[in-house]
Amino acid sequence: MTTVRDVAAYILRSAGEMTAMKLQKLCYYSQAWHLVWEEEPLFGDKIEAWANGPVAPSLYDLHRGQFRVQPDLVKNADALPKHRASSVDAVLKFYGGQSAWELSNLTHSERPWLDARGNLPLGASSHAEITPASMAEYYGSLT
């Protein structure tokens with residue numbers, strides 16, 4: 001199965017260097033919209049509702065401590081199958097021009113992140129999962 005690292009490699013190859021936060025949000029939106037359009041997960045990695053928005057911990061482990069992420073961080077940019085890359089391309093076209101903070105603020109206003117966080121105060125640490133079902137339901141309702 002495709003991993004979030006495969007998706008990150010594809011995003012970085014397509015869009016170039018970016019902040020780690022922006023990369024995380026683009027991977028999140030790629031997963032969410034792929035769930036809606038293809039009715040299956042884009043990748044199997046878990047996404048959690050961290051204080052600054054959705055984060056895939058397995059990708060975070062790769063870029064931990066880096067503010068900006070270089071395209072060569074993830075080596076296998078060709079691992080993303082073509083039928084999955086089309087979802088990522090659409091996400092990059094729609095969300096790619098937004099800053100990391102704009103994307104973070106957007107996720108903070110959407111049900112999947114809000115529901116996973118529950119009653120936690122802003123800025124509180126959390127490892128609550130944003131489930132694929134919650135993403136599919138919410139983003140599917142926007143179409």
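**Salt bridges in close-up**

**View 1. Asp61 and Arg64 in the predicted model.** In this predicted model, Asp61 is joined to Arg64 by a salt bridge in which the closest N and O atoms are 2.7 Å apart. The Asp61 partner counts as partly exposed, since its relative accessibility is 46%. This pair belongs to a set of five salt bridges counted in the model, and two further members are shown in the views that follow.

**View 2. Arg68 and Glu17, a salt bridge between separate parts of the sequence.** The side chains of Arg68 and Glu17 meet in a salt bridge, with an N to O distance of 2.5 Å. Because Arg68 lies in strand S4 (residues 68-69), whereas Glu17 lies in the loop between helix H1 (4-15) and strand S1 (18-19), the pair ties together parts that are 51 residues apart in sequence. Arg68 has a relative accessibility of 38% and is therefore classed as partly exposed, and Glu17, at 35% relative accessibility, likewise counts as partly exposed.

**View 3. Asp115 and Arg111, a salt bridge within helix H6.** A salt bridge links Asp115 with Arg111, the closest N and O atoms being 2.5 Å apart. Both residues are found in helix H6 (residues 111-117), where they are four residues apart, about one turn of the helix. Arg111 has a relative accessible area of 44%, so this residue is partly exposed, a class that lies between the buried limit of under 20% and the exposed limit of over 50%.

Key:
Residues numbered from 1 in each chain as written. Predicted model: local features only at pLDDT ≥ 70, side-chain atom pairs only at ≥ 80, totals over all residues. Heavy atoms only, no water. Salt bridge = Lys/Arg side-chain N within 4 Å of Asp/Glu carboxyl O. Helix = DSSP H or I, 4+ residues; strand = E, 2+ residues; numbered from the N terminus. Buried < 20%, exposed > 50% of the residue type's maximum accessible area, 1.4 Å probe, protein only.
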